[in-house]
Amino acid sequence: MELREKLHADLKNFIVNVGWTHKIHIVYSDKLLFRNNIIQLTEIILSSLTASGIVTIVLGKSSESYNLAIAGISLVTLVMTGIDKLFNLNKLSIKEKQVANNFWKLREDGLRLLSSVQFQTDSEENLKLAYDELINLRNIYSLDLSNVPKRYVAEASKLIKVRKDNDYAEDYKYFIPDNLMNLKEEKK
């Protein structure tokens, strides 16, 4: 196999690989942000109930059961605030979105490089160097990847289409334009 054919095949696998990684981490980021929003909304509502309940207690217009209910709401508010501080889902969501964006950029750079291989816009040596640079960037970005729970991987898979993870043959159509799928024959 000549270098151009190998680059073409390697780039297609690279694009699908980073495309999957992007989708998995963007789904995870979205879920973290959703959970963060639920926690924030719950904290706001419970804090409001607690504050209004305390005002009623201070004015002396409450019963013992009412006081216990306000104490319970206050406790739940404290727990929700603790969960928010402990897990910091907003910060984690932002990190996951940045990781996903890095992989999206890699996919786009891979597509541009695949186009250069397809249409022979540069020497094979320069194309190989550019591909090696993309691989190095992917390795660097991979250091920031978190372990995503399986349910989010499954959800990302459903969003792309349910396929085998290591068989990219069917996935090319989701990530690579038709005009870049097959290597064009050189004109002699």
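Contact here means heavy atoms within 4.5 Å. Keep that in mind for Val-148, our starting residue. This is a predicted model.

Val-148 sits in the loop between helix 4 and helix 5. Is Val-148 buried or exposed? Its relative accessibility is 16%, so Val-148 counts as buried. What covers that spot? Set aside neighbours within four places in sequence, and Val-148 is in contact with Ile-24, His-25, Tyr-28 and Val-153. Now look toward Lys-173. Val-148 and Lys-173 are 25 residues apart in sequence. In space they are 25 Å apart, C-alpha to C-alpha.

Let's step back to the whole chain. The protein has 6 helices and 0 strands. Along the sequence, the pattern reads α-α-α-α-α-α. The C-alpha atoms fill a box of roughly 95 × 30 × 20 Å, along the principal axes. The radius of gyration is 26 Å, where a compact globule of 188 residues would have one near 16 Å.

Burial next. Of the 188 residues, 34% count as buried. The protein exposes about 11,800 Å². Carbon and sulfur atoms supply 57% of that area. As for contacts, take those between residues at least 6 apart in sequence. Of these, 86% join residues at least 24 apart.

On to the core. The largest nonpolar core has 37 residues. Which of them touch the most other members? They are Leu-11, Phe-14, Ile-15, Tyr-131, Phe-175 and Ile-176. Five elements give two or more residues each to this core: helix 1 (3-58), helix 3 (89-119), helix 4 (124-142), helix 5 (150-160) and helix 6 (172-175). Helix 1 gives the largest share, 14 residues.

Zoom in on Leu-11. Beyond four places in sequence, Leu-11 touches Gly-110, Leu-113, Leu-114, Val-117, Tyr-131 and Leu-134.

Farther along helix 1 we reach Thr-50. Thr-50 counts as buried, because its relative accessibility is 9% and the cut-off is under 20%. Its partners, again not counting residues up to four places away, are Ile-70, Ile-73, Ser-74 and Thr-77.

Now helix 4, and Ala-130. At 29% relative accessibility, Ala-130 counts as partly exposed. Ala-130 and Asp-109 are 21 residues apart in sequence. Their C-alpha atoms are 9.5 Å apart in space.

Salt bridges. How many does a search of the whole structure find? The search finds 7. I'll show three.

The first on my list joins the side chains of Lys-6 and Asp-10, at 2.6 Å from N to O. Both residues lie in helix 1. They are 4 residues apart, about one turn of the helix. Lys-6 is partly exposed, with a relative accessible area of 43%.

Next, Lys-31 and Glu-155. Their side chains meet in a salt bridge, 3.3 Å from N to O. Why does this pair tie together parts far along the sequence from each other? Lys-31 lies in helix 1 and Glu-155 in helix 5, so the bridge links parts that are 124 residues apart in sequence. Both ends count as partly exposed: Lys-31 has 29% relative accessibility, and Glu-155 has 28%.

Then Glu-108 and Arg-107. Here too the side chains meet in a salt bridge, with N to O at 3.3 Å. Is Arg-107 buried or exposed? Arg-107 is buried, with a relative accessible area of 16%. Glu-108 is partly exposed, at 22%. The boundary explains the two labels: buried means under 20% relative accessible area, so 16% falls in that class, while 22% does not.

Last stop, the surface. Leu-75, Leu-78, Val-79, Ile-83, Leu-86 and Phe-87 form a nonpolar patch there. Together they have about 620 Å² of accessible area. Take Leu-86 as one of them. Leu-86 is found in helix 2, residues 64-87. Leu-86 is exposed, because its relative accessible area is 66% and the exposed class begins over 50%.

To recap. We have 6 helices and 0 strands. The largest nonpolar core has 37 residues, and helix 1 gives the largest share of it. A salt bridge joins Lys-31 in helix 1 to Glu-155 in helix 5. And a nonpolar patch on the surface includes Leu-86. Over to you.

Notes:
Residues are numbered from 1 along each chain as its sequence is written. This is a predicted model: local features need pLDDT of at least 70, side-chain atom pairs count only at pLDDT 80 or more; totals for chains, interfaces and linings use all residues. Side-chain values use heavy atoms; hydrogens and water are left out. Patches are made of residues with over 30% relative accessible area and no salt bridge: like charges are joined within 9 Å, nonpolar side chains (Val, Leu, Ile, Met, Phe, Trp, Tyr) within 5 Å. Accessible areas come from the Shrake-Rupley method with a 1.4 Å probe; for residues, only the protein chains shown count as cover. A salt bridge is a side-chain nitrogen of Lys or Arg within 4 Å of a carboxyl oxygen of Asp or Glu. Buried means under 20% relative accessible area, exposed over 50%, partly exposed in between (1.4 Å probe, protein chains only). The radius of gyration is taken over C-alpha atoms; the globule rule is 2.2 Å times the number of residues to the power 0.38. A nonpolar core is a set of buried Ala, Val, Leu, Ile, Met, Phe, Trp, Tyr and Cys residues joined through side-chain atoms within 4.5 Å.
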